[in-house]
Structure formats: structure tokens, C-alpha cells
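Reader: I would like a close look at a single part of this structure. Please take one helix and then show me what lies around it.

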Amino acid sequence: MSDSFHTSVLQLTTGSTETVLDLTHRCQKFLADTAPGADGLLNIFVPHATAGVAILETGAGSDEDLLAALRDLLPADDRWRHRHGSRGHGRDHVLPAIVPPHATLPVLSGRLQLGTWQSICLVDTNKDNPHRQVRLTFLTSP
């Protein structure tokens, strides 16, 4: 594998409730281990049809506000044509159109260039699948 490309997959358990899981520290550790001092781009990708990646403030209520907004926008009821799984599961398959399954962030001198209150978060509303993967990929010029 090239020195300009590093990748790793996080294996996560999100549980049986809707969640916003902060991945920022895991992303920083990945960069510290694979690209100390390097400049480039970090891509975060969730290879699931029912989860997404969001950049937002956590710990001050924004994570719960996001889940509440998603409940309002995508209610867990019987309106969905996609009907396997628990009641309202079809909404989980619409989620990645609103909260995309990826994000790409700049990295300078091995550090994520996030704003003061920004965090990288996995957004998972799917109560039927508590096991998730998140692929972290760092790209730099050779």
C-alpha cells in the first residue's frame, strides 16, 4: 500500500436505541498512528444503508436535537414502503439521503481541522442493527 493512502475500519456497537456517536477521538488516534505530522484529507465512510456521518457540536444538546429533528422529519410509523424490520424501519433507509454516509475533512500537520465545537459523529437510527463499521481513510500527496 502506498505511503499516501492509509485506511482502517472501526467496528462499533451502537445499541438498540437511536444514537449520535462521537468518533472524533477515534479519528484523531487513527491520524496519530498513521499520519503523524502529515497534511491531507481524512474521509469517513459508513458502508450501511441506514446510517450517516454528521459534523456537529455534541454534549450541549445538539446531538439530541438532531435525533429529535430526525424523528419529526422521518417518523417511525407505517407510512414507509420499505417495510422489513421493526415498525417504521423504512425511515432508516431514507436517513442517508439527509445525513450522508460520508464526510471528508482537511488534516494539517496530522491534526483534524475542525471548528472549536465541531465533532465527527456516526448517526444511527436503526434499532435493528447495533453493529456498525466506519472506514477511515487518510490521503496525502506522495
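Author: The answer starts with helix H1 and goes on to the loop after the helix and the sheet. This is a predicted model, in which local features need pLDDT of at least 70, side-chain atom pairs count only at pLDDT 80 or more, and totals for chains, interfaces and linings use all residues. Residues are numbered from 1 along each chain as its sequence is written, and side-chain values use heavy atoms, with hydrogens and water left out.

Helices (H or I, at least four residues) and strands (E, at least two) are DSSP runs, numbered from the N terminus. Buried means under 20% relative accessible area, exposed over 50%, and partly exposed in between (1.4 Å probe, protein chains only). In H1, the residues Thr 24, Cys 27, Phe 30 and Leu 31 are buried. Down the axis of H1, these buried residues fall within an arc of 125°, so they line one face of the helix; the arc is that of the directions from the helix axis to the C-beta atoms. An α-helix has 3.6 residues a turn, so residues three or four places apart point the same way. His 25, Lys 29 and Asp 33 are exposed, on the face of H1 turned away from its buried side.

The loop between H1 (24-34) and strand S3 (40-45) holds Ala 38. Leaving aside neighbours within four places in sequence, Ala 38 is in contact (heavy atoms within 4.5 Å) with Val 107, Leu 108, Ser 109, Gly 110 and Phe 138.

S3 also belongs to an open sheet of five strands, in the order S1-S8-S3-S5-S6 with antiparallel pairing. Two strands pair if DSSP finds at least two bridges between them.
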